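Here are some notes for a colleague on one part of a model. Please read them with the coordinates open.

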Amino acid sequence: MRRIVFIMLLMLVPAVVYGETMQVITKENAIRADCNFFSAVKAMVKYADALEIVSTKGDWYMVNFGGKSGCIHKSALNKTAVQLAKTQGGSHAASNEEVSLAGKGFNPQVEDAYKKKHPDLDFNLVTKVEGFTVPAEKVAMFIKAGGLTE
Amino acid sequence: MKNLVIITLLSALMGCVPTLSSIPETAVKVGTSVSKAARPIAPEEEYYIGRSVAARILGSYKLLNSPDFTTYVNLTGQTIAFHSEIPFTYGGYHFAILDSKEINAFACPGGIIFITKGMIDLAVNEDELAAILAHEIAHINHKDGLGAIKSSRWTEALTVMGSEAAKQYTPGEVSQLLNVFEGSIDDVVKSLVTSGYSKSQEYAADESALVYLRASGYNPAALKEVLKNLQSKSTPTGGGVFKTHPSTEDRIAKVNERLTEYRVTDFFKIRSKRFSEHYSVFSR
């Protein structure tokens with residue numbers, strides 16, 4: 001009896017959360033071979049792409065997307081009504097969160113209106129700053145050379 | 001009794017296995033007034049707020065053209081960001097240097113971080129630079145900028161947005177949202193430049209910075225050291241960070257309470273050397 005209870009308790013631990021879908025909430029991101037920031041890229045994903053969750057591993061999800069599987073950090077995904085993206089052009093009552101994730105809320109349309117009202121502000125400079133990026137591979141080398149933690 | 005145990009466990013198995021909905025989701029912890037509205041500000045919306053806040057900051061400060069040191073700061077900042085709660089924001093983290101002797105730094109919602117030349121001059125090694133950046137990254141992780149937005153604005157925005165997912169905004173709606181957006185930008189800029197965050201938000205950012213530094217492999221005590229450097233620059237009429245932050249003495253005391261043992265290795269010298277190399281080019 002004790003053995004049965006023990007086995008059943010073990011089964012209560014959700015080792016795998018399978019089949020649900022989550023949406024990418026960053027402009028773009030990478031599905032990597034292993035669950036770390038510097039592992040090989042298996043596929044690139046972009047905002048609103050729907051990924052099938054296979055399991056979790058620490059702060060990472062193991063996912064399937066476009067016939068490929070790998071890891072993506074949890075901060076790049078959110079659980080949303082993915083169906084919404086497919087219904088663009090139609091109309092249905094959506095939750096507030098759905099409205100935002102469909103590109104509503106503060107969006108390029110609102111930013112354009114703000115730019116027109118404030119022609120003195122230089123958004124090209126902001127875009128220039130957004131170009132200040134360093135590839136993950138270069139960060140990996142920087143970390144290694146400095147004896148830092150991956 | 002045995003049957004009861006089995007039935008109970010079976011019920012648990014069938015009904016209580018956590019699904020994704022019970023897994024903590026990304027960036028949902030928004031300890032701000034705006035989170036009290038029907039929904040928190042989404043990452044994409046945070047990004048657009050951050051871009052306009054950045055434009056406002058760049059309207060008052062000149063961007064410093066120093067490609068080598070900017071890349072170095074981005075490498076250091078990205079290393080820290082990877083060890084924060086939110087390694088990926090909608091538009092990513094970007095670090096830029098402002099050409100100002102004022103000692104200041106600004107964390108725009110979404111991930112753009114400005115640091116003045118005056119602030120960089122406070123750091124004497126890479127670990128101290130990392131400490132400064134870690135504090136700013138913490139403000140973004142904590143969504144402190146968004147917290148400055150009056151909750152009434154966001155409630156108004158949600159009303160304008162409505163619940164029709166697929167429709168485009170009409171000119172009238174854009175006009176209404178623009179007013180809300182503009183007010184929101186004003187709130188954040190005022191908080192960043194003039195009024196500052198609350199003391200508790202600043203202490204929390206220091207506390208998280210210590211966590212990020214340790215997780216990254218930097219010496220957390222570097223935060224204490226750079227605060228001591230900051231304290232030495234304090235003047236009675238000090239502007240910049242002195243105007244918007246709690247007393248440096250109090251911050252040092254609180255950081256000191258939370259410091260734990262850290263083993264300094266030879267890599268500290270390597271990091272310090274590369275800092276000096278980049279800084280010597282930067283400070284010419």
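The points below concern a small set of helices and strands in chain B.

1. This is a predicted model, in which local features need pLDDT of at least 70, side-chain atom pairs count only at pLDDT 80 or more, and totals for chains, interfaces and linings use all residues. Residues are numbered from 1 along each chain as its sequence is written, and chains are lettered from A and ligands numbered from 1 in the order in which they are written.

2. In chain B, three strands form an open sheet with mixed pairing and the order 1-3-2. Strands (E, at least two residues) and helices (H or I, at least four) are DSSP runs, numbered from the N terminus. Strand 1 (94-98) and strand 2 (105-107) of chain B are the edges, each pairing on one side only. From one strand to the next the twist averages 15°.

3. Strand 1 of chain B pairs with strand 3 (residues 112-116) of chain B in the parallel sense, over five bridges; pairing requires at least two DSSP bridges. Opposite B:I97 is B:I115 in strand 3 of chain B.

4. Helix 3 of chain B lies across strand 1 and strand 3 of chain B, at about 135° to strand 1 of chain B. Angles run from 0 to 180 degrees between N-to-C directions, and axes are lines fitted to C-alpha atoms, for helices over the stretch in contact. Helix 5 (residues 126-141) of chain B packs on the sheet and touches strand 1, strand 2 and strand 3 of chain B.

5. The axes of helix 3 (residues 67-82) and helix 13 (residues 266-282) of chain B come within 8 Å and cross at roughly 145°. Their contact involves B:D68, B:F69 and B:Y72 of helix 3 of chain B, and B:H278, B:V281 and B:F282 of helix 13 of chain B; contact means C-beta atoms, placed from the backbone, within 7 Å.

How values were computed. Two residues are in contact if their C-beta atoms, placed from the backbone, lie within 7 Å.
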